[in-house]
Structure formats: C-alpha cells, structure tokens
Amino acid sequence: MEENKKRMLSGIQPSGDLHLGNYLGAIKNWAERVDDYECYYFMADMHTITVRQVPADLRKRSLNQLAQYIACGLDPEKNTLFLQSHVPAHAQLGWVLDCYTMFGELSRMTQFKDKSAKHKDNINAGLFTYPALMAADILLYQADYVPVGEDQKQHIELTRDIAQRFNSIYGDVFKIPEPLIAKTGARIYGLTTPNDKMSKSIPEGCVFIMDDPDTINRKFKKAVTDSDTENPVRFAPEEKPGVANLMNIYSTVTGKSFEEIEAEFAGKGYGAFKPAVAEAVIESLRPIREEAERLIKDKAYLEDVYRKGAERASYIANKTLRKVYKKVGFYQI
Ligand code: TYM
C-alpha cells in the first residue's frame with residue numbers, strides 16, 4: 001500500500017443482515033474509492049453487544065458480512081478488512097477516550113436516545129459510551145475520511161471534538177477526520193415507513209442485500225406512495241416522502257438525475273415506476289448476492305482475509321496506541 005495516499009476508514013455493525021441503506025449509504029461509496037485511498041473497513045462487532053445478541057448468530061453474521069464486503073467490490077488485496085474484536089487496540093484506546101469524553105456530550109447523541117428508548121430494560125454503560133469507542137475506531141488509524149450515511153454524522157463530529165480536545169492537551173497526536181457523506185443514498189427510508197430510516201427493525205420495508213428477486217419485488221410492490229394521479233413521479237420530499245425515497249433509490253442505483261427520472265416516468269403511474277425501481281435494485285444486487293453466496297462457503301479464504309486484515313490493522317493501530325499511552329503518562333515497558 002502506498003504511503004502517500006489519504007486514509008479512509010469505516011465500519012458496520014454485524015447486528016443484522018446488511019440492507020440497501022447500508023449499501024447505498026456506505027459500502028457503495030467505499031468500493032468506488034478503492035484506488036485513490038488507503039482503506040480500512042471492519043465489522044464493528046464490539047459495538048453490537050451494546051444490545052443483546054445471540055452469540056452464534058453474531059459469529060455467523062460477522063463472517064457473512066466480511067463475504068458481503070468483498071462481494072460489494074472491496075478487494076482484500078487493496079483494502080484492509082478486519083473484525084474489530086481482533087484488534088485489541090480499539091478497546092484499549094476506547095477506554096482512554098472515555099476519560100476525554102464528557103457526560104453531557106454523550107447524553108446528546110441521537111443514536112443513544114433512540115436505542116435507550118427502544119431497549120428500556122438494557123440501558124447499559126456501553127450503549128452510553130459507544131461514541132468514544134467509535135472515536136477510537138477512527139482515530140487509531142489516523143483516518144482522513146470516514147464514509148458513512150447521514151445518521152452517523154453526529155458521531156463523527158463528536159470524534160473530531162474528542163480528537164481536538166486531546167490534541168490541545170498533548171500536541172498533535174490525532175489526525176482530525178472528516179465525514180464523507182454521499183449526495184444521494186445517504187439517507188434511505190423504509191419502504192413502508194417513508195419518514196423513518198430503513199432499518200432491519202422494520203423488516204417488511206427493508207430490502208436486504210441477500211434478498212432474492214421475488215422478495216425484493218414483493219417489498220417494492222408494498223412501498224408506500226400516495227394517491228397523486230396528476231403528476232405522480234416528481235421529487236417533492238415534504239409532500240411525497242415515499243416517492244422521493246423511491247426516486248432517491250432509483251437515482252443512486254442507476255446514476256440518473258431526478259429530472260431524468262421525472263422525464264422517464266412522465267405520464268406514467270406508480271404501476272410502471274415501482275417495478276422499474278425494483279428491477280434496477282434487483283440487477284444491482286444480483287452479482288453481489290451471487291458472489292457473497294459463493295464466498296460464504298469458502299471459510300478458509302475468509303479466515304485468511306480476516307487474519308491478514310487484523311495483522312495489518314494492528315500494526316497501524318498499535319503505533320497510535322503507543323503514542324497515546326506515552327502522552328497520557330503510562331509507564332513504558
Ligand atoms: P450502522 O452499523 O448502523 O450502519 C452502517 C452504515 O450504514 C449507514 N446506514 C444508512 N445509510 C443510509 N440510509 C440508511 N437507512 C442507513 N442505515 C445505515 C450508516 O450511516 C453507516 O455508515 N456506529 C456505526 C458503526 C461504526 C463506525 C465506526 C462507522 C462503528 N465504528 C467507525 C464509521 C467509523 C453504526 O452504528 O453504523
């Protein structure tokens with residue numbers, strides 16, 4: 001890997017199967033930038049236990065997610081792909097950063113508010129301090145850019161604040177990272193809940209990367225639109241959130257602009273529009289699903305990828321961790 005390239009890093013929690021929101025909001029943008037950056041992508045398995053997981057399922061999903069990353073175009077020879085829990089420096093720096101992150105800052109995090117409302121019986125300390133671990137994930141690698149969907153912007157802003165606070169005490173230890181948020185696809189809404197982001201918690205409105213064509217067709221058929229028959233396919237997010245979401249999906253998948261889409265469906269209704277969106281999604285996911293199905297069966301290959309990935313990631317992460325330990329005053333061996 002070339003030393004002078006800028007660094008890019010991101011992760012996804014293997015808390016559920018990857019869906020169209022993860023793909024269009026995050027992974028698609030990662031895969032498109034492979035040649036211009038030095039890239040680190042991981043399965044954020046440590047983050048998932050802030051919510052109870054079935055251990056065998058988590059193990060399976062972590063490996064499946066790795067296969068899906070590769071199938072989405074992340075070549076392991078060009079990208080460092082790893083499991084977060086295989087690189088202990090994440091937990092080690094996470095603890096240090098806990099001590100440089102304020103209670104008030106963490107209390108303002110939207111994801112914490114949402115998740116603690118959803119899991120009232122398990123508002124654990126990890127769920128609260130999660131953004132400090134996420135800051136560690138990023139800062140360990142001195143990442144320049146963090147490509148994510150819009151919902152993660154707040155966490156990256158906090159990461160920047162933590163890094164700046166630390167640097168202002170100890171000198172230039174951390175690079176200050178920038179979020180990289182795509183123009184389209186950064187916020188995909190649920191097909192049946194066009195005011196809530198697409199998420200696995202509402203499975204009927206959530207298209208999973210591994211869904212077969214029939215399932216995808218069925219989900220798009222049930223997509224919420226409206227009763228507009230005058231001029232149905234036009235981009236008006238406030239007035240027509242369901243249609244705007246479908247247009248956003250279609251635009252991100254095909255590269256067509258909203259004007260081009262409006263022209264394509266002028267005079268046509270949802271009976272023509274919805275199947276066209278479904279078809280475009282099916283065709284863009286088909287090669288990914290087929291390749292992931294093949295890779296999932298090749299355990300030896302995946303093991304080789306995550307071992308090498310953990311080794312490369314640890315090398316970079318440990319360099320930063322050693323510097324941090326020295327700065328805060330831990331006695332060196
Ligand atoms: P997570 O696992 O919830 O989501 C992973 C990525 O998918 C994006 N995303 C979406 N984009 C558009 N529309 C949607 N409906 C949608 N749903 C999810 C997210 O924005 C994200 O980019 N905290 C992170 C995981 C993480 C991480 C990190 C990310 C842990 N450490 C370090 C970057 C850097 C999370 O919970 O994402």
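**Entry 1: a loop residue.** I started with Gln-142, which sits in the loop between H7 and strand E4 (145-147). This is a predicted model, so I am reading everything here as prediction. I looked up the backbone of Gln-142 and found a positive phi of about 50 degrees, although the residue is not a glycine. Is Gln-142 buried or exposed? Its relative accessible area is 18%, and since the cut-off for buried is under 20%, Gln-142 counts as buried.

**Entry 2: strand E2.** Next I went to E2, residues 37-43. How many of its residues are buried? I got 7 of the 7, so the strand is largely enclosed by the rest of the structure. I then sorted the side chains by face, because in a regular strand they alternate between the two faces of the sheet. On one side I have Tyr-37, Cys-39, Tyr-41 and Met-43, and on the other Glu-38, Tyr-40 and Phe-42. Both faces are covered, with all of these residues buried.

**Entry 3: the neighbours of E2.** Which way does E1 run against E2, parallel or antiparallel? Strand E1 (residues 6-12) pairs with E2 in the parallel sense, over 7 bridges. Going from E1 to E2, the chain passes through helix H1 (residues 20-31), and I noted this β-α-β crossover as right-handed. For the register, I wrote down that Leu-9 has Tyr-40 of E2 as its bridge partner, and that Gly-11 stands opposite Phe-42. I also checked strand E3 (residues 79-83), which pairs with E2 in the parallel sense over 5 bridges. There, Tyr-41 stands opposite Leu-81 of E3.

**Entry 4: E1 and Arg-7.** I looked at how well E1 is covered: 5 of its 7 residues are buried, so I put it down as mostly covered. Arg-7 lies in this strand, and I wanted to know how much of it can be reached. The relative accessible area of Arg-7 is 16%, which makes it buried. What does its side chain touch? I found a polar contact of 3.1 Å between the side chains of Arg-7 and Glu-38. Glu-38 is one of the buried residues I had already listed in E2.

**Entry 5: around the ligand.** I moved on to the ligand and its shell. Which of the 29 residues around the ligand come nearest? My list reads Gln-13, Tyr-130, Asp-137, Asp-151 and Ile-188. I then noted distances from ligand atoms to side-chain N or O atoms. For Gln-13, an oxygen atom of the ligand is 2.8 Å away. For Asp-137, a nitrogen atom of the ligand is 2.6 Å away. For Gln-152, a nitrogen atom of the ligand is 3.0 Å away. How much of the ligand does the protein bury? Taken alone, the ligand exposes 710 Å², and the protein buries 96% of that.

I also sorted the shell by character: 13 residues are nonpolar, 12 polar and 4 charged. As for where they come from, E1, H1 and helix H7 (125-139) each supply at least two.

**Entry 6: Gln-84.** I followed Asp-137 outward and landed on Gln-84, since a polar contact of 2.9 Å joins their side chains. Gln-84 is found in the loop between E3 and helix H4 (89-98). Its relative accessible area is 0%, so I marked it as buried. The side chain of Gln-84 also makes a polar contact with that of His-47, at 3.3 Å.

**Entry 7: some long spans.** Last, I checked two C-alpha pairs. Where is Glu-264? I found it in helix H11 (residues 258-264), and with a relative accessible area of 29% it is partly exposed. From the C-alpha of Glu-264 to that of Ile-188 I noted 22 Å, with the two residues 76 apart along the chain. Ile-188 is one of the residues I had listed as coming nearest to the ligand.

The other pair is Ala-236 and Gly-126. Ala-236 lies in the loop between helix H9 (213-221) and helix H10 (241-254), and at 15% relative accessibility it counts as buried. Its C-alpha is separated by 40 Å from that of Gly-126, with their positions 110 residues apart along the chain.

Note on methods:
Residues numbered from 1 in each chain as written. Predicted model: local features only at pLDDT ≥ 70, side-chain atom pairs only at ≥ 80, totals over all residues. Heavy atoms only, no water. Buried < 20%, exposed > 50% of the residue type's maximum accessible area, 1.4 Å probe, protein only. Helix = DSSP H or I, 4+ residues; strand = E, 2+ residues; numbered from the N terminus. Pairing = 2+ DSSP bridges. Right-handed = clockwise from strand over helix to strand, strands pointing away. Near = heavy atom within 4 Å. Polar contact = N/O pair within 3.5 Å; in protein donor to acceptor, adjacent residues only side chain to side chain. Areas by Shrake-Rupley, 256 points an atom, 1.4 Å probe, with all protein chains shown as cover. Nonpolar A, V, L, I, M, F, W, Y, C, P; charged D, E, K, R; others polar.
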